[in-house]
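Hi,

Here is the structure I promised to pass on. Have a look at it first, and then read my notes underneath.

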Amino acid sequence: MKDLILKDVSFSYPGGFLAVDNINMTIKSGENVAIVGQNGAGKTTTVKMMNGLLRPTSGDVIIGDMNTKDYTTAQVSRVVGYVFQNPDDQIFHSTVESEVRFGPEMAKLSNEEVDSRVEYALKITGMDKFKEENPYNLPLSMRKFVTIAAVIAMDTDVLIFDEPTAGQDLEGNKRLSEILKELHEKGKTVITISHDMEFVASNFERVIVMAKKKVVTMGTPEEVFWNFEALEKAMLKQPYVSRVCRALGAKGEIISMDEAVNFLKSRLKRNA
Amino acid sequence: MEKTYTEKIQIHKKNKLAGLYPSVKALVVLLYAICCFILSTVKLTEYELALLLIPWFLVIPVLCAASGAFNKCLKAFRAVSIVALVIFLAQSLLIPGGETVLKLGFLKVREQGLRTAITLSFMVMDIAGIFVWMFQTTENKEFSRALENSGMNYKATYVFISTLQMIEILGKNSKTIMNAQRARGVETEGNVIVRMKAFFPSLVPLVLGAVISSEERVLTLEARGFDVACEKTHLFNLEKSGIEKQVTFIAVLMTIVLLVWRIYLWIA
Amino acid sequence: MDCVIELKNVTYSYPLTTVPAIKDLSVKIEKGKFYGVIGENGSGKTTFCALLRGFAPSFYKGDLSGEVLVEGRSTLEYGPGELASKIGFVFQNPFTQISGVKDTVFEEVAYGLENFGVPVDEIERRVVEVMKLTDIESLAEKNPFDLSGGQMQRVALASVLVIEPEILVIDEPTSQLDPEGTESVFKIISKLKEKKKTVILVEHKIDLIAEYADEVLVFKDGSLVAAGDKQEILSDMSLLEKGVALPQVAILGNTLKEEGIPLKYIPVTEKQAEEVFSELITGKE
């Protein structure tokens with residue numbers, strides 16, 4: 001079991017800038033977690049520590065039986081895959097397929113294993129139809145899926161997505177939901193940073209809210225999105241449907257379209 | 001009364017050397033480099049080494065200190081020294097020819113090697129050093145204003161100045177990219193071969209990123225009226241520090257004296 | 001209403017491509033209106049913006065047929081820099097909109113006016129004014145590259161607004177920003193609306209389009225597949241077939257309607273939703 005544990009973790013950048021201030025969290029193996037908060041809240045620094053890109057200045061980051069302090073980033077990256085916010089920082093091959101092949105080939109797997117992983121990764125990201133294409137001919141929002149495929153092909157136990165919803169359209173968001181669902185079913189631990197509250201409400205079992213370098217609260221989307229104190233601290237808003245229902249007297253729980261519909265119907269019945 | 005922003009962006013330097021008009025600094029750089037070449041032709045000792053280049057370097061720390069920028073320059077000097085040291089070692093150990101001057105186990109330093117090593121590494125130290133002085137004591141907008149005043153096309157000026165700024169940003173980007181590659185299992189820590197392997201995956205995104213963003217930046221400039229055919233306003237005005245003439249005089253004089261001395265050595 | 005920009009049967013392909021990015025597009029942009037441009041990624045929204053501003057074909061080259069008229073004159077006839085004073089353009093990426101030659105936010109914002117040869121005193125006055133409007137005066141002496149994405153984007157907006165164009169084309173200004181940054185950018189955009197500027201805004205966040213736009217243009221595969229009043233277009237479930245999400249409240253309204261609950265109308269903004277639903281609830285009492 002590869003639980004991910006952050007124990008009294010702080011991080012300061014060289015020069016003394018404190019980016020994460022004494023946080024604790026446990027993410028169970030197979031969990032599907034979202035991290036929300038404004039830029040500067042410490043989200044990216046936190047996930048970079050999970051991936052070993054940054055080492056905590058104090059405290060421990062433990063993945064299963066590995067303490068990231070004792071391993072190089074490349075070693076940790078075989079257990080924790082990380083999709084950067086900007087795909088252009090990662091892509092350097094001239095076709096989509098070779099970009100996705102790079103990781104598994106680096107890991108010196110057998111040819112069949114590489115082939116099957118690449119095929120799978122391309123398929124679930126919908127990139128199979130562009131596999132011969134140069135990634136830079138695709139729009140930015142699609143290039144993001146190329147880097148997602150590249151990380152999926154690494155077949156790590158934990159995957160981190162940094163703002164995959166940025167700039168995505170309806171279709172892109174749908175595909176992301178499907179990818180998350182598929183990975184969840186395969187038992188992967190998935191940690192996603194997102195600014196899209198609707199997306200978070202409908203795709204995750206647990207939400208971690210961060211603000212000012214600290215964890216403000218954690219819980220199910222139902223709990224988090226009706227915890228006004230926490231939302232205010234993090235300067236976040238409820239999903240639209242929750243806001244509307246709240247204005248109409250709802251006290252909690254509602255975060256999805258179906259729940260909102262049911263709430264409104266019940267209100268109507270009660271009044272009828 | 002509160003200062004206006006236009007007043008706040010002006011640069012008033014107390015140090016008269018640091019505040020020299022940029023073209024005078026450029027002249028000092030040029031003359032210093034010419035002197036380097038003159039000095040490099042003076043061969044000393046039985047091995048015919050251009051040893052005068054070594055004391056000539058001392059001019060630079062003195063100049064930086066007198067300009068009040070010694071600490072700022074120190075870091076750059078360190079980098080320059082490393083490059084020079086690598087050149088020195090490579091040249092002195094690898095170039096064959098002439099007598100053996102020094103033997104360190106199986107390594108031999110030959111006469112010819114030592115000769116080119118000293119000339120080349122100290123030339124690099126000297127010339128790079130004087131540029132460090134110029135760039136550390138001059139802000140980008142001073143350069144850009146001076147270039148435009150000297151009649152350089154505003155587009156060429158833009159390219160020059162933005163390149164100076166971009167070097168810093170490319171440095172930052174390359175760090176991000178290295179991290180992104182490490183995150184997917186490319187080892188960037190370790191020996192030379194490991195680092196070489198990581199080089200390519202980092203270089204491609206860096207270059208492509210620069211190309212893409214320069215395309216977007218061209219449009220941004222266009223949107224800000226970069227191409228408008230009219231007399232442009234300059235919010236920033238260059239000041240002279242008042243000792244331009246004296247500095248020019250001293251620099252020219254030193255060069256002439258050196259040159260005359262060198263010619264005298266030839267004739268005598 | 002005055003028409004400020006008109007596209008007549010415009011078809012445009014980028015160089016080295018066979019499929020046109022915009023196909024036979026005719027549309028009129030009216031003065032003082034706020035247009036929301038929506039559609040899937042790759043549907044031609046950004047190309048549409050580039051055509052309005054003349055970047056296509058003057059910068060991107062490629063083949064253009066038909067006409068793009070700005071105030072009655074073809075974009076091809078405008079000299080270099082001439083359109084810059086008429087149409088302000090704000091891009092998606094905050095970072096590439098920093099000129100890279102200025103050390104402070106004040107100078108960055110002033111850059112456009114320097115290019116236009118505006119006198120120093122007037123530059124100072126206009127820049128200070130626009131920095132207030134965009135809430136960046138506290139950043140005036142900072143280096144633009146040291147700012148956060150949201151702050152950079154506000155600087156980019158300020159740098160364009162200071163030129164005082166009547167028309168603004170804004171292409172996905174918030175896609176790379178956090179909610180706070182997004183809100184600060186939209187605050188500025190709403191001020192533009194108050195000032196009766198003509199605004200053409202590309203944005204994926206449909207709930208924000210619903211909030212601010214007067215008219216909506218929907219693109220799919222390089223064609224304009226729907227155009228008109230926002231209320232009408234954003235409340236229609238057929239929008240989903242065009243690859244665009246409806247505002248959350250509109251989906252809610254439509255679902256209730258399908259279940260036989262009579263709504264006065266389908267809301268597209270939060271405010272409308274509260275009004276329609278609370279009327280429904282209290283009206284039955």
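Below is what I found, going from chain C to its contact with chain B and then to chain A.

One thing to keep in mind while you look around: this is a predicted model.

**Chain C overall**

Let's start with the general build. Chain C has ten helices and ten strands. Its C-alpha atoms fill a box of roughly 65 × 45 × 35 Å along the principal axes. Is that what you'd expect for a compact globule? What radius of gyration does chain C have, next to the value for a compact globule of 285 residues? Chain C comes out at 20 Å, and the globule value is near 19 Å, so the two agree. As for burial, 55% of the 285 residues in chain C count as buried. If you take the contacts in chain C with a separation of 6 or more, 64% of them are between residues 24 or more positions apart.

**The sheet in chain C**

Next, find the open sheet of six strands in chain C, which runs in the order β6-β7-β8-β3-β9-β10 with mixed pairing. At the edges you'll see β6 (87–90) and β10 (223–229) of chain C, each of which pairs on one side only. On average, neighbouring strands in this sheet are turned by 15 degrees against each other, ignoring direction.

If you want one pair to zoom in on, try β9 (residues 215–220) and β10 of chain C: they are antiparallel, with six bridges. One place to put the cursor is C:Phe219, whose bridge partner in β10(C) is C:Leu224.

Two helices go with this sheet. Helix α1 (residues 45–52) of chain C packs on it and touches β3 (34–39), β6, β7 (167–171), β8 (198–202) and β9 of chain C. The direction of α1(C) makes about 150 degrees with that of β8(C). Helix α6 (residues 179–194) of chain C lies across β3, β7 and β8 of chain C, and α6(C) also runs at about 150 degrees to β8(C).

**A covered helix, and the contact with chain B**

Now go to helix α3 (residues 105–115) of chain C. How many of its eleven residues are buried? The count is eleven of eleven, so to speak a full house. Charged-looking names turn up in that buried list too, including C:Glu107, C:Glu108 and C:Glu114, alongside C:Phe106 and C:Leu113. What covers the buried residues of α3(C)? The cover includes α4 (120–133) and α5 (149–161) of chain C, together with α1 of chain B. Just along the chain, α3(C) is followed by C:Gly117, which has a positive phi, near 70 degrees.

Since chain B has come up, here is its contact with chain C: 34 residues from chain B and 40 residues from chain C take part. On the chain B side, the elements that give two or more residues are α1 (5–8), α7 (140–149), α8 (154–183) and α9 (192–223). The largest share of that side, eight residues, comes from α9(B). By type, the chain B residues that touch chain C divide into 14 nonpolar, eleven polar and nine charged.

**Chain A: a buried strand**

Over in chain A, look at strand β9 (residues 206–211). Five of the six residues of β9(A) are buried, so the strand is largely enclosed by the rest of the structure. β9(A) has these two pairings to look at:

- Strand β3 (residues 32–36) of chain A runs parallel to β9(A), joined by four bridges. Here A:Ala34 stands opposite A:Val207.
- Strand β10 (residues 214–219) of chain A is antiparallel to β9(A), over five bridges. A:Met210 has A:Val215 as its bridge partner in β10(A).

β9(A) and β10(A) also form a hairpin with two residues between them. In that turn, A:Lys212 has a positive phi of about 45 degrees.

**Chain A: two domains**

Last stop: the domain assignment splits chain A into domain 1 (4–237) and domain 2 (238–272). Their centres, taken over C-alpha atoms, are 32 Å apart. Ten residues of domain 1 are in contact with nine residues of domain 2. On the domain 1 side, α7 (197–203) and α8 (221–224) of chain A are the elements that give two or more residues, and the largest share, four residues, comes from α7(A). The residues on that side divide into six nonpolar, one polar and three charged.

Cheers

Methods: Residues numbered from 1 in each chain as written. Chains lettered and ligands numbered in written order. Predicted model: local features only at pLDDT ≥ 70, side-chain atom pairs only at ≥ 80, totals over all residues. Contact = placed C-beta atoms within 7 Å. Nonpolar A, V, L, I, M, F, W, Y, C, P; charged D, E, K, R; others polar. Domains from an automatic or database assignment. Pairing = 2+ DSSP bridges. Axes fitted to C-alpha atoms, helices over the stretch in contact; angles between N-to-C directions. Buried ≥ 20, exposed ≤ 12 C-beta atoms within 10 Å, placed from the backbone. Rg over C-alpha atoms; globule rule 2.2 N^0.38 Å.
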